[in-house]
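Thanks for sharing this one. Here are my notes, with the structure placed just below so you can follow along.

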Amino acid sequence: MAKDYTISIYLDTRRAKANGKFPVKLRVYTSNPQKRKYYGTIFDFTEAEFNSVWLSKKPRKAHNEIRKQLNSLELKADKIAKNLTPFTFEQFEKQLFRKKGDGVKISYHYKIVIGNLLHNKQIGTANTYQLAEKSIIRFLDHQHGLSYNSLTFHDITPEWLLKYEKFMVELNNRSYTTVSMYLRTLRAIFNKAIEEKEIEKEYYPFGKRKYQIPSSSNIKKALNKIELKALFNSIPDTPEQQKAKDFWFFSYSCNGMNIKDIALLRYKDVEDDKIEFYRAKTRITSKSKLKPITVYLNDFTKGIITKYGSLNKSPNQFIFEIINDGDTAEQKQKAIKNFTRFINQHLKKLCAANNLPDKISTYWARHSFASNYILEGATIVDAMESLGHNNIQTTQNYLSSFDTESKKELANSLMNFD
């Protein structure tokens with residue numbers, strides 16, 4: 001198979017340096033698409049020196065060492081390019097400029113992923129990777145063995161992962177949910193490294209007959225119809241409880257819209273008694289599958305917009321003044337997190353006072369919508385589209401939050417043809 005790239009050592013004679021010499025560069029050209037890029041080196045020569053050092057079939061003995069270094073650079077670049085299928089300048093540059101051995105280091109890959117997430121303003125996901133990384137560092141310190149900067153993919157074995165799990169659960173009193181969340185970041189890094197041919201598949205420590213990431217038992221995260229009615233009719237003790245209740249039911253009534261998406265709603269998203277929006281979670285991660293979610297407004301949701309909406313109703317104005325356009329990505333993330341915490345804290349108090357599940361959170365609104373939507377006769381596909389899922393398995397997982405009575409009701413409704 002013909003190569004779709006060419007690599008060569010090139011003397012850039014377009015502009016001389018202060019010493020009168022020209023910079024030597026690594027030239028990379030791809031035929032599909034047609035693109036050429038130049039990468040600087042530590043060398044500079046006159047045209048005569050370049051001819052003697054690089055182009056001459058019999059270079060002077062004094063130039064042998066320099067020629068050897070240039071040849072080594074060209075061979076290194078060609079080896080990197082050869083292992084990239086397909087060739088991309090992004091991956092080529094990533095591997096060309098890093099230190100020797102970085103490709104198999106866990107710390108290097110966490111740094112790259114976290115940097116990309118922050119660049120893409122995926123602050124929440126970046127925070128998860130940072131917390132996972134810190135937990136690995138604490139584990140290694142506890143082991144009194146390998147340092148984090150020396151940890152490689154080859155060191156991560158099923159046995160290593162079991163010890164990490166035990167350290168997190170038994171010694172740090174962390175939940176299996178936390179362990180699962182952190183280890184999924186490590187698994188994602190492994191998968192990316194294998195995809196980019198940094199390591200071989202045989203070193204992959206996850207899966208059957210290896211290490212399986214724990215899945216926490218499904219705790220009920222949905223309110224049934226009776227509970228929903230009781231919560232809706234409950235009388236809050238404070239204005240804060242009222243606001244928390246209002247936004248929880250706004251989320252529920254808007255297809256289980258999460259708080260971040262509520263915060264990002266603008267007046268231009270509302271038209272003809274409906275809201276059309278893209279989930280923030282999928283705007284970056286699933287661009288090829290990006291579909292708008294349509295939410296039809298009812299009297300309640302319209303009332304919430306009227307009650308809490310910004311007085312400035314220009315198209316680009318955020319409906320709810322949870323965040324501001326002038327905020328940085330970090331400030332927006334913090335504001336949304338604080339608002340979510342506000343809802344959860346005051347809703348828990350309201351539920352406790354009304355003999356309702358006091359572990360409730362904003363996430364329950366999404367599960368409650370999905371559960372009751374399906375119980376009302378919607379198909380899994382309908383629910384998947386309304387929730388904005390790209391994978392039907394994700395939607396099916398919501399069924400696991402059904403309580404026993406809801407499951408019985410669903411079973412009975414299957415033969416109800418009236």
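The points below go from the whole chain to its cores, single residues and spaces.

1. **Ground rules.** This is a predicted model, in which local features need pLDDT of at least 70 and side-chain atom pairs count only at pLDDT 80 or more, while totals for chains, interfaces and linings use all residues. Residues are numbered from 1 along each chain as its sequence is written, and side-chain values use heavy atoms, with hydrogens and water left out.

2. **The chain overall.** The protein chain has 17 helices and 6 strands; helices (H or I, at least four residues) and strands (E, at least two) are DSSP runs, numbered from the N terminus. Of its 418 residues, 42% count as buried, where buried means under 20% relative accessible area, exposed over 50%, and partly exposed in between (1.4 Å probe, protein chains only). About 24,700 Å² of the protein chain is exposed, and 50% of that comes from carbon and sulfur atoms; accessible areas come from the Shrake-Rupley method with a 1.4 Å probe, and for residues only the protein chains shown count as cover. Among contacts between residues at least 6 apart in sequence, 55% join residues at least 24 apart, a contact being heavy atoms within 4.5 Å.

3. **The largest nonpolar core.** A nonpolar core is a set of buried Ala, Val, Leu, Ile, Met, Phe, Trp, Tyr and Cys residues joined through side-chain atoms within 4.5 Å. The largest has 44 residues, and those that touch the most other members are L231, W248, F250, F320, L347 and I360. Elements that each supply at least two residues of this core include α8 (225–233), α9 (239–253), β5 (274–277), β6 (293–296) and α13 (329–353). If you want one residue to click on, try L347: leaving out residues up to four places away in sequence, L347 touches L231, A244, K245, W248 and I360.

4. **A second core.** Another core, separate from the largest one, has 34 residues, among them A126, I136, F153 and F167.

5. **I259.** What does I259 touch beyond its neighbours within four places in sequence? Its contacts there are I336, F339, T340, I343 and T362. I259 belongs to helix α10 and is buried, with a relative accessible area of 5%. Although I259 and I336 are 77 residues apart along the chain, their C-alpha atoms are separated by 7.1 Å.

6. **Helix α3.** Helix α3 (residues 89–96) is mostly covered, with 6 of its 8 residues buried. The buried ones are F89, Q91, F92, K94, Q95 and L96. Their cover includes the strands β1 (5–11), β2 (22–31) and β3 (34–45), together with helices α2 and α4.

7. **Backbone details.** Have a look at three loops. A cis peptide bond, with omega about 5°, joins N32 and P33, and P33 lies in the loop between β2 and β3. N173 has a positive phi, near 55°, in a residue other than glycine; N173 sits in the loop between α6 (158–171) and α7. Phi of N255 is also positive, near 60°, and N255 is in the loop between α9 and α10. Which of these asparagines is buried or exposed? N173 counts as exposed at 68% relative accessibility, whereas N255 counts as buried at 11%.

8. **The second largest pocket.** On a 1 Å grid over the protein atoms alone, a cavity is a set of points where a 1.4 Å probe fits but cannot get out, and a pocket is an open set with protein on both sides within 12 Å along at least five of seven lines; lining residues have an atom within 4 Å of a point. Grid points are joined across faces, edges and corners, and a volume is the space filled by probe spheres set on the points. The second largest pocket has a volume of about 460 Å³. It is lined by 15 residues, of which K79, I80, Q95, R98 and E198 are the closest to its centre. Helix α2 (residues 64–82) gives the most to this lining, with 3 residues.

9. **The second largest cavity.** The whole structure holds 2 cavities of 30 Å³ or more, and the second largest has about 40 Å³ of space. Its lining is K94, H109, I112, V113, I189, K192 and A193, with α4 (106–119) and α7 (176–195) each supplying at least two residues.
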